[in-house]
Amino acid sequence: MQSLQNNFHDLLIQLRSGMRRTISTGFDPVYYMVFHPSEILEVRRLLPTWKLKLGAEFEVAELSMAKLIPRLIQEDPLYEINLDNENNSDTTVQDINETLRGSLGVGADGQPEAEAPVLEAFSEALTKAKELTNGVLLITDVEAIHPYIRIGAIEQVLQGKFECPVIVFYPGVRTGKFGLKFLGIYPDDGNYRSVHVGG
């Protein structure tokens, strides 16, 4: 198994070659750096160094799921009511997760709704990154979206709207060329259309 540093080096190579493909073929420049869930803390430790390396060639923007998810939940107009409901002794973990899914604009099937707050936040981050000179958007702390939604569902809805490179630091397991298992526990999903490195 390749080291995280080697995988990041491979990612940089893919990113450079992908920029040429984006211009010539309309390819969506979405890259997943796949790493085993047991390496989440190591990836967090290495991320500042990787940002500096990326910063030598790109202007780097970041969207942290660990920051975004709590913010969207707190911005829900029903936030105070939801908090009160959580204190009900009959409320289960499943009930709470369903409420939080609703705050993010995600249906029971795990798919984002048309005007989901989580999609709006992604779109805003993409727009800001696109406006940078040679911008690249990093999607970090992806494990924070469990159990509400999978990043692949967001990617599918936004297909064709990635106008600058997006790097997703993805804790999971690769299954074949296009398949991924989020956190190594979700069913194999072969619908990712992005470039996968590592895993």
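Contact here means heavy atoms within 4.5 Å, and the legends below describe close-up views of a predicted model.

**View 1. Leu-72 of helix H3 and its partners from elsewhere in the chain.** Once neighbours within four places in sequence are left aside, Leu-72 is in contact with Ser-103, Leu-104, Pro-117 and Val-118. Ser-103 stands 31 residues from Leu-72 along the chain, yet the C-alpha atoms of the two are separated by 6.9 Å. With a relative accessible area of 5%, Leu-72 is buried, and Val-118, one of its partners, is likewise listed among the buried residues of helix H6.

**View 2. Helix H6 and the elements that its buried residues pack against.** Helix H6 runs over residues 117–130, and its 14 residues reach 20 Å from the first C-alpha to the last, close to the 20 Å expected at 1.5 Å a residue. Its buried residues are Val-118, Leu-119, Ala-121, Phe-122, Ala-125, Leu-126 and Ala-129. Seen down the axis of H6, these residues fall within an arc of 160 degrees, so they line one face of the helix. They pack against three strands and three helices, namely S2 (59–64), S3 (135–140) and S4 (166–175) on the one hand, and H3 (65–75), H5 (93–104) and H7 (151–157) on the other.

**View 3. The aromatic cluster of Phe-8, Trp-50 and Phe-169.** The structure holds 3 aromatic pairs. In the pair of Trp-50 and Phe-169, the ring centres are 5.9 Å apart and the planes meet at 10 degrees, so the pair is stacked, given that planes under 30 degrees apart count as such. Trp-50 belongs to helix H2 (residues 40–55) and Phe-169 to strand S4, so the pair ties together parts that are 119 residues apart in sequence. Both partners are buried, Trp-50 with a relative accessible area of 0% and Phe-169 at 2% relative accessibility.

**View 4. Backbone geometry in the loops on either side of strand S3.** Most residues other than glycine have a negative phi, and most peptide bonds are trans. Asn-134, in the loop between H6 and S3, has a phi near 55 degrees, a positive value in a residue other than glycine, and at 37% relative accessibility it counts as partly exposed. Asp-141, in the loop between S3 and H7, also has a positive phi, of about 55 degrees, although it is not a glycine; with a relative accessible area of 17%, Asp-141 is buried. The loop between S3 and H7 also holds Pro-147, and the peptide bond that leads to Pro-147 from His-146 is cis, with omega near 5 degrees.

**View 5. The whole protein, with the stretch of residues 22–26, where pLDDT is below 50.** The secondary structure comes to 7 helices and 6 strands, which follow one another along the sequence in the pattern α-β-α-β-α-α-α-α-β-α-β-β-β. Of the 199 residues, 47% are buried, and among contacts with a separation of 6 or more, 72% join residues 24 or more positions apart. The accessible surface comes to about 10,200 Å², of which 52% belongs to carbon and sulfur atoms. The mean pLDDT is 83, and 88% of the residues reach 70 or more. Over residues 22–26, however, the pLDDT is below 50, and beyond near neighbours in sequence this stretch has 3 contacts in the model. Where pLDDT is low, the predicted coordinates should not be read in detail.

Methods
Residues are numbered from 1 along each chain as its sequence is written. This is a predicted model: local features need pLDDT of at least 70, side-chain atom pairs count only at pLDDT 80 or more; totals for chains, interfaces and linings use all residues. Side-chain values use heavy atoms; hydrogens and water are left out. Helices (H or I, at least four residues) and strands (E, at least two) are DSSP runs, numbered from the N terminus. The expected span of a helix is 1.5 Å times one less than its number of residues. Buried means under 20% relative accessible area, exposed over 50%, partly exposed in between (1.4 Å probe, protein chains only). The arc is that of the directions from the helix axis to the C-beta atoms. Rings of Phe, Tyr and Trp (its six-membered ring) pair if their centres lie within 6.5 Å; planes under 30 degrees apart count as stacked, over 60 as edge-to-face and the rest as tilted. Accessible areas come from the Shrake-Rupley method with a 1.4 Å probe; for residues, only the protein chains shown count as cover. pLDDT is the predictor's confidence in each residue, from 0 to 100.
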